[in-house]
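The following exercises concern strand pairing, helix packing and a pocket. Each task is followed by a solution in steps.

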Amino acid sequence: MSVDEATVRRIARLARIAVNDEEAHRLQGELSVILDWVEQLGEVDTAGVEPMTSVIPMVMKKRDDVVSDGAKADDVVANAPVSEDHFFVVPKVVE
Amino acid sequence: MDEMVRSAPKDKLIKGATGDWEVIIGLEVHAQVTSKSKLFSPASAEYGGAPNDHVSLIDAAMPGMLPVINEECVRQAIRTGLGLKARINLKSVFDRKNYFYPDLPQGYQISQFKQPIVGEGVVYLDMAEGEQIAVGIERLHLEQDAGKSIHDQHPSLSYVDLNRSGVALMEIVSKPDMRSADEAKAYVTKLRTILRYLGTCDGNMEEGSMRADVNVSVRRPGEPLGTRCEIKNVNSIRFVGQAIDYEARRQIDVIEDGGTISQETRLFDSRSGQTRSMRSKEEAHDYRYFPDPDLLPLEFDQPYVDALAAALPELPDEKKARFVADFGLSPYDAGILVGERVAADYFEQVAQGRDAKAAANWVINELFGRLNKDGVDIVESPVSAAQLGAIIDLVASGVISGKIAKDLFEIVWSEGGDPAEIVESRGMKQVTDTGAIEKAIDEVMAANPDKVAQAKEKPSMAGWFVGQVMKATGGKANPQAVNALLKDKLGLE
Amino acid sequence: MSELTGLTIAAARAALEKKEFSALELTEAYLGEIEGANGALNAYVAVTRDKARDMARACDERLARGEGRPLEGIPLGIKDLYCTQGVHAQACSHVLDGFLPRYESTVTANLWSAGAVMLGKLNMDEFAMGSSNETSYYGPAINPWRASGSEEKLVPGGSSGGSAAAVAARLCAGATATDTGGSIRQPAALTGTVGIKPTYGRCSRWGIVAFASSLDQAGPIARTVRDAAMMLGAMAGHDAKDTTSVDTPVPDYAAALGGSVKGMRIGIPREYRIDGMSAEIGALWDKGIDWLKASGAEIVEVSLPHTKYALPAYYIVAPAEASSNLARYDGVRYGLRVAGDDIIAMYENSRAAGFGAEVKRRIMVGTYVLSAGYYDAYYLKAQQVRTLIKRDFDSAFEKVDALLTPATPNSAFALGAMTDDPIAMYLNDVFTVTVNMAGLPGISVPAGFDARGLPLGLQLIGKPFDEANLFRLAQALEDAAGETPPAQRWW
Ligand SMILES: [Mg+2]
Ligand SMILES: [Zn+2]
């Protein structure tokens, strides 16, 4: 399955990765090769086969409804590129 | 979409320039689950808090953090499903809904897409004319709330607070079964009532505990469904109505002007009462849902569900039916009383061992009226159910008149105290002593000989005498006794 | 190499108990080795000297009180994928520029409470995506092994290349690693070390930067099977913070060693004899079969018919999960931020500058296969194939106790040899990736050298949670193959 450059750009946009013309061109080739290669899965008859949900059969444990975390805004914003009064700060978002 | 959707009654159709239109409404209500901690983290789910204070490193999506599900949220979702008479799925799956937004720290929302915890159910609405409507529930799923971005503090910056991030929500999706703004409002109201009865959501719309995404489309009666627009995050029942009315009219105008409706996400502006297109959501959605590999399927067994079902409180529909059947109330009064569980409980306490209709009248007319007037919630009512019951007993036993009872209610409201003692100490008892009443009548008649003469010609004058006698006795005379004695003395009949 | 750094974990532990030297001396010896070697090998991306010394001193106090724990005083290197409190943790990516976690991963916390000492953070492929350590933002780690008579720099494998290189070059007594498609076993094989990927769920993933959540698993790389068993014993365990971790007791792996493998049934999957497999690898495999036979094990041929589809299925599942797991690197809460005209441009610029080419490639593939209209054809299909792969193993394990396969299709290769051909690089994991797809434990054991004098490894694959038997079998191989000498020092 080969992809075109417009698809590469749409996917890059979805993934929020800026790509220049050169990269888009290169990625088009690389993605096409990889997708071509994985295409061989089409040979496998998977009719009626359950998709894998967990490799080890086990039941998900649930936790009790207890508040045991929080009150650590310093830690939360400690690594933030920009923060102010414990808020994260980002370029203005337009709704 | 569903073709079995019901048609609007004629009077619900909207008049356009070119004929009648039918509006089709479906709602996705996001209701915050009542729990102490968040859906997948042990940080507080409480509203408010200093910025990023109710945030664990999981909520902030620090590298290597993993979600662990809160059992209480699962329990609450199942209980809500039971309250919506819905199918409970013993196995459900959490999926990731992927998109970028600064208040979505993981870059995905953990939600349920293909296999929700609750399937189809139904909510019944009582409309004004005694008409009942069934609104289908498509599904209920658990998901994480997002954080909050503040856009109006700075010209070029937004501030992000993650206190809400990861709080458990139930997204309750209705079928497109509503045909007017009134029905949609009744649906949200009813849903809110059910959730509050169950204690699974506090229904506080001002704090965002409940908000609705409203899907609106219009069509010619009997024709296929039109293209719908989704109005996001409407946060009051009144606004739900306004948004629908505006949006339906907008769509009709567009179509009648030869335009077409494009499927889009819109925002409701409560100041202008209008909806507008959301710029940030213009890009085509491609959420790339897939099962969250950090979470195994959510599983529980039927006995667990059965135990929750057995412990469910009586819900508004059942309570209303019981009030009608057992107390002989009108469906209308019963409907009003069951609107809030605490109000219904209050009423039942008052009605216990008393005339239920009198209790209903007192609660609906006097109590609710007074609560409304002062903007007081019933849980803070200055007049307790026991006090109101005592007042009703004093009327029933003839100790005070209905009129005095209202004064007494007012005294208990503002000063408190035991109603019987108040009546005693303030001499509010009804005078039934015929001697005292006769004396008052004689005095009034003696002072108004002309009126006595007139009354012989015009029996309706008796009312004037009753008033005078009541006035002379400070309202405490038994009105029946006054009436009978007056008629006798005036020689009427 | 100093005398102290020449000791295995087991030997060093015994000597520390006997007070032959102090934990601080042992730590200083390693810090000295790192100082002398890291310029050439680039195995460490951060060395935590002060922390190491502080921890070693505390170990000495405990040892003096006779309260030594299983790994008391043992200096370890930690893969940069593990979040370590207050210490560099970037998954060797620029996107996590300057990130200092305020938390400690469960596995490293377990190691510290077993008495281990932290030497620093080890190089790796960026976000564990690679098989040569060449995708690291910090440049490639270099294999201490060189072909005889050659000065060509070779890769140590990946993604745990720094871990493998550091263990092989004696720059730590043992190292943590992670394995998503072969990232422990392949570098172990390429450096003459032992690496085990335990059963999915055996170790907590909490605090380890996620690559592909349904495949990622922590494990050790060490010099000997016994050392690996000692380390895994300390690393493993249930963690309430990771609901995919299993709540079963951790056996005493080290105590299980030395038992006989007589009568154990070993499966030889015929599909692993792949087209174009080198004669050397084939011969190595046959040698391993002979060794196990000689130890009394019974050899059984088995079939795993979906083997050839494991790698392509992996290259759908892993990138899909990664595309979502790596969405959090957006320049908002930590790491690199590159300005843009608006928030979207800020995201796009930060991620474009922060991620390297291989990571971008995989995010793109993952985003594509999950995007509207493609989910069923790719992701769903791959997860169905995964079920079939798991079933293959289930039926094989009805007949056998473990499987023996080569660990890698080749020995260490030159830097840059495969960087232009992603699929050639991906094929490095052809023998290891099936194990991740089925969640099974797998161990790579040094089993000899190729004609150029480079180490080669064999892989044993076990039933879920049967690590103890895997260690026992691995030791049988290790005993037969003889001690792996350290790489000739050239740095
Ligand atoms: Mg929605
Ligand atoms: Zn939702």
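**Exercise 1.** Determine how β8 and β9 of chain B are connected, and which further strand joins β9(B).

*Solution.* Step 1. In this predicted model, β8(B) and β9(B) form a hairpin with six residues between them; strands are DSSP runs of E of at least two residues, helices are runs of H or I of at least four, and both are numbered from the N terminus.
Step 2. β8(B), residues 148–150, and β9(B) pair in the antiparallel sense over three bridges, where pairing requires that DSSP finds at least two bridges between two strands. B:Ile150 has B:Tyr159 of β9(B) as its bridge partner.
Step 3. Strand β2 of chain A (residues 87–91) is joined to β9(B) by four bridges, and the two run antiparallel. Here A:Pro91 stands opposite B:Leu157.
Step 4. Four of the five residues of β9(B), residues 157–161, are buried (under 20% relative accessible area, with exposed over 50% and partly exposed in between; 1.4 Å probe, protein chains only).

Residues are numbered from 1 along each chain as its sequence is written, and chains are lettered from A and ligands numbered from 1 in the order in which they are written. For this predicted model, local features need pLDDT of at least 70, side-chain atom pairs count only at pLDDT 80 or more, and totals for chains, interfaces and linings use all residues, while side-chain values use heavy atoms, with hydrogens and water left out.

**Exercise 2.** Describe the sheet of 11 strands in chain C and state which strands form its edges.

*Solution.* Step 1. The sheet is open, has mixed pairing and follows the order β1-β3-β2-β4-β6-β5-β10-β11-β9-β7-β8.
Step 2. At its edges are β1(C), residues 44–47, and β8(C), residues 298–302, each of which pairs on one side only.
Step 3. Within the sheet, β5(C) (194–197) and β6(C) (217–222) pair in the antiparallel sense over two bridges; the partner of C:Val194 is C:Ala222.

**Exercise 3.** Explain why the buried residues of helix α1 of chain C are on the same side, and identify what they pack against.

*Solution.* Step 1. In α1(C), residues 9–17, the residues C:Ile9, C:Ala12, C:Arg13, C:Ala15 and C:Leu16 are buried.
Step 2. They are on the same side of α1(C) because they cover an arc of only 165° around the axis, taken from the directions from the helix axis to the C-beta atoms.
Step 3. The buried residues pack against α2 (23–41), α3 (49–64), β4 and α7 of chain C, contact meaning heavy atoms within 4.5 Å.
Step 4. After α1(C) comes C:Lys19, whose phi is positive, near 60°.
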